[in-house]
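Here's a quick briefing to read alongside the structure. Have the viewer open and follow along.

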Amino acid sequence: MANLRNNRRGRRKIVKTTLIYLSTIIAVIFFIFPIYWLVATSLKTRAQAFSTPPLFVWEPTFRNFIDIFLKRQTEIEAITGQELELATGAEIFFYNSFVVTFSSIAIATVIGVLAAYSFSRYKPAGTSTLMFFILSTRMLPAIVVAIPIYFFYRSLGLYNTYIGLILLYTMFNLPFAVWMMKSFFDEVPRDIEQAALVDGSNPVKVFYKIALPQVLVGLGATIGFLIINVWNEFLFALLLTERATRTVPVMIAGTRGEVGINWGLIAAIETLYILPALVLIFLLQRFLLRGMTFGTVRGVK
Amino acid sequence: MTRVEIRGLKKSFGPVQALRGINLEVESGALVALLGPTGAGKTTLLKCIAGVEEPDAGDILFDGQSVLGTPAWRRDVAMFFQTYALYPHMSVYDNIAYPLRERKWSRQEIDRSVKNVAEKLRIAHLLDRKDPSTLSGGEMQRVALARTLVRNPRIFLLDEPISNLDAKLREEMRTEFKRLHKELKQTIIYATPDFLEAFAIAEKVAVIKDGVILQYDTPINLLRRPKNRFVATFIGSPTINIMRGVVRRMAYGWEFSTSSLRIQLSDVGHYSKLLDGSEVELAVRPRDIVLEGPKNRNTFKAKVVAAERLGYETIVTLSLGDVELKAVTKGMRSYKYGDEVIINIPGDRVILFDVSSGEAMY
Amino acid sequence: MTSQATTGSRLVRIFPILLILPAVALVTFLVIFPLIWALGLSFYSYNVIRGGAPIFIGVENYYRLLNSLDVWRRFVLTGQFVFYAVSIEFLIGFGLAHLFYNQFRGRRLAITLVTTPLLVAPVAVGIFHRYLFDATFGIYSYIAQLITGQPVKILSQYPMFAIVFMDVWQWSPFMMLFILAGLEAIPKHMLESSEIDRLSMLAKFRYVIWPTIRPLVALALLFRTMDAFRTFDTIFTLTEGGPGTATEVLSIQIYRIAFQFFRTGEAAALAFIFLVIIVLLTNIYLRLARRE
């Protein structure tokens, strides 16, 4: 009798485990497939990319990745609808994206960390109002500020400049940096900093010798999200850049659906473009929820 | 050697009043204990003295000079934090050396002092440990203590420095503190929720509750002449017995009576505030109740309700009509439930409290 | 000593403000100032191409927009998109969260893989879905053909399906993360005691699970609704609002008015109407979440 019950329980457990794995596999396939297909397409020749029915088995080629950076200027121009400076390949877009991302993140991180520390530790008058205001900029639709900024930039000469784009991205990522870093600073026990004050460190030293080392992991996560944010931004890059400063997303979006374009090459460019995200998803996994909610929800174990 | 004066100190955190007018004087070189339950304001008071919290009102003086304008990092006090507050990213050695490095001591001096204090606190073997969070609670506490004691400040502030140690180590550390104080001859303010610890260490004890100092006195006075019901009940174990009744002026002096017993009070001339026929609370310490002593005016028959044998002494819970009392008697005595015993309540050892204010009536 | 003391306390007073100042300055320059300027512009008739000075026309932009059938159609379209996308994402996210609430080997990796779409650039998502949905060589079209037995041109026949599908693919994991966080916040002993009490699945959900995950679900819905409402990049790159105006949601319409027709004043007015809706939605949501 007991044996029978054990058997039944055991069988039910096997069924449950099978179901779990089956659903997990289906879920993973659903969410990973487009990315897989993108990478797969980047390894196909033009003819293979166009095959009907779609090709599941083929001999991969790295030709597309080489072509991105070699002098296939006319083809890149044709595909992306962008006129290129002199004899460059698509690397110019990556270079632009890199410059803009790196600079704006450096500035946003420094300014954001300082402000976050102040909000977290000293809670100066108006902190909650300011924090709420900063958060509300997350809800602000980009298109609403896009109109005035477009005209400002035109009249101030910031249009089609690195500095203009960097300034803009710094600003748009500042709220995130502040909220995120504040949530990490909030977790540093006050006693540790007070102990350092009593031990003879002034507030400036307490900040960089005691507080900052406690939030290094959080700082890394914050920077990771900032990279994604800036790297992925499209609307302002579209409105505010021209040949000299075009970033990757604008180039990719320029690939209009003309017949006969080389999807393999586009897929290769896109693969390179989303590569940082594919790497960062593994590093940021633990902080994903926290990052996507500005640090207000602390996340999954 | 610094004399500390605190005048009318107030501090609120939002709606919570942590300190509501603290007055305290600590003589130069004295060891004073701050005794009070959790949330009484001990930590806040120490932090105000250290300068890491800014009081809303009042003044703090070191040797007669206000230090409110002096920021914490120039106040030259050392503080032990109840949470230990070890720097998680530094090794044990660096933690202890931190205050000395911030004071630009020479490398050799630092090394000598760190090793010296580590030796004293028996943590020399831990100095190389990289990550303080891997230490046990007792080890962390001693590292934090070492960081506090490594330098020679004007004042030591110790916030429950031994509360989390096990009983044996705690006892050792109590003795250690007394010795340390004799050696250093420094002003020490020592916060603790444990009256035994306070009594063992300090010459004077300030009992603090709800942000107010209720009584600042010697241990013996706190025990014998508490100013109010809270001090009387907070100090002493088992807790002081309290019963409610009425006082009457008799020919021979004052008499306290409940429905089931009458106690004649030995009037030593200090019951000046007493009104005939008023309701009061009478308190008597369990150790003052004499079991099976010679008969006198205040001898009563009581029934044993329970007895806890603790080795050197036995705590007996007694019922006397409608009141229940605890008494302590020496040795291992075996009482059974329902046994009848004779007890004496010494009329000169009782304390009377006003029912409404809880103030002692001397 | 005294002068030292004052410099010390001055540092304490100024330090926090110094730290915040750059942030406040930048926000003022690039958000507040432009917003005020745009609000002003929305009361003018102004066309960059035509040039000339802006003409003050009061609330006429607003009046015209709110009376325009076309604008109302955009509202309805945007609302449909938000509703379909968010509710499907909620259902899938809910299922996934319950799946990953089980402990099994490879769970961590599976979660990582499933959440990958969250970090992928919207532009890449849009463009690549164009390839996947392509009528002749797209694999999704191919699968649709296998199922229905006839060629399906998803992008031209079912454009709304396409943009909802794409959004669901990218954002369901977001819902999953919230709900999973909620599930993991349920105290273990409560689940155990509900087992002992042999609560039915429904009762267990209603009395044990739901009360804990409710605030997180509310927050997830809030975030997703706001973001779906503003969606621009993915739809713009997948369909450009087409075919015709079949997927022209509000943000794309504003973009078109502002940067293709250059009716700047009108675009600013529509942008502000859009902003007001978002602010209202946020408030309604927050109030609902709080009352619950």
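What follows covers a helix pair, a two-domain chain and some notes on confidence.

This is a predicted model. In chain A, the pair to look at is helix α5 (residues 91–121) and helix α11 (residues 216–232), which pack with their axes 9 Å apart.

**Helix packing in chain A**
- The angle between α5(A) and α11(A) comes out at about 140 degrees, which makes α5(A) oblique to α11(A), since only angles over 145 count as roughly antiparallel.
- As for handedness, the crossing of α5(A) past α11(A) is right-handed.
- On the α5(A) side, the contact is made by F94(A), S97(A), F98(A), V100(A), T101(A), S104(A), I105(A), T109(A) and V113(A).
- Facing them from α11(A) are L219(A), I223(A), L226(A), I227(A), V230(A) and W231(A).
- Sort the residues of this α5(A)–α11(A) contact by type and you get eleven nonpolar, four polar and no charged.

**Domains of chain B**
- Chain B splits into domain 1 (4–234) and domain 2 (241–354).
- The C-alpha centres of these two domains of chain B sit 39 Å apart.
- Where they touch, domain 1 of chain B puts in nine residues and domain 2 of chain B eight residues.

**Confidence in chain C**
- Chain C has an average pLDDT of 85, with 93% of its residues scoring at least 70.
- Among the elements of chain C, helix α3 (residues 69–101) has the highest mean pLDDT, at 94, and helix α1 (residues 2–41) the lowest, at 74.
- Residues 1–7 of chain C stay under 50 in pLDDT, and the model gives them eight contacts beyond four places in sequence.
- Where pLDDT is low, the predicted coordinates shouldn't be read in detail.

Terms used
Residues are numbered from 1 along each chain as its sequence is written. Chains are lettered from A and ligands numbered from 1 in the order in which they are written. This is a predicted model: local features need pLDDT of at least 70, side-chain atom pairs count only at pLDDT 80 or more; totals for chains, interfaces and linings use all residues. Side-chain values use heavy atoms; hydrogens and water are left out. Axes are lines fitted to C-alpha atoms, for helices over the stretch in contact, and angles run from 0 to 180 degrees between N-to-C directions. Helices (H or I, at least four residues) and strands (E, at least two) are DSSP runs, numbered from the N terminus. Angles under 35 degrees count as roughly parallel, over 145 as roughly antiparallel, 65 to 115 as roughly perpendicular and the rest as oblique. A crossing is left-handed if the near helix is turned anticlockwise from the far one by less than a right angle, and right-handed if clockwise. Contact means heavy atoms within 4.5 Å. Ala, Val, Leu, Ile, Met, Phe, Trp, Tyr, Cys and Pro count as nonpolar, Asp, Glu, Lys and Arg as charged, and the others, Gly among them, as polar. pLDDT is the predictor's confidence in each residue, from 0 to 100. Domain bounds come from an automatic or database domain assignment.
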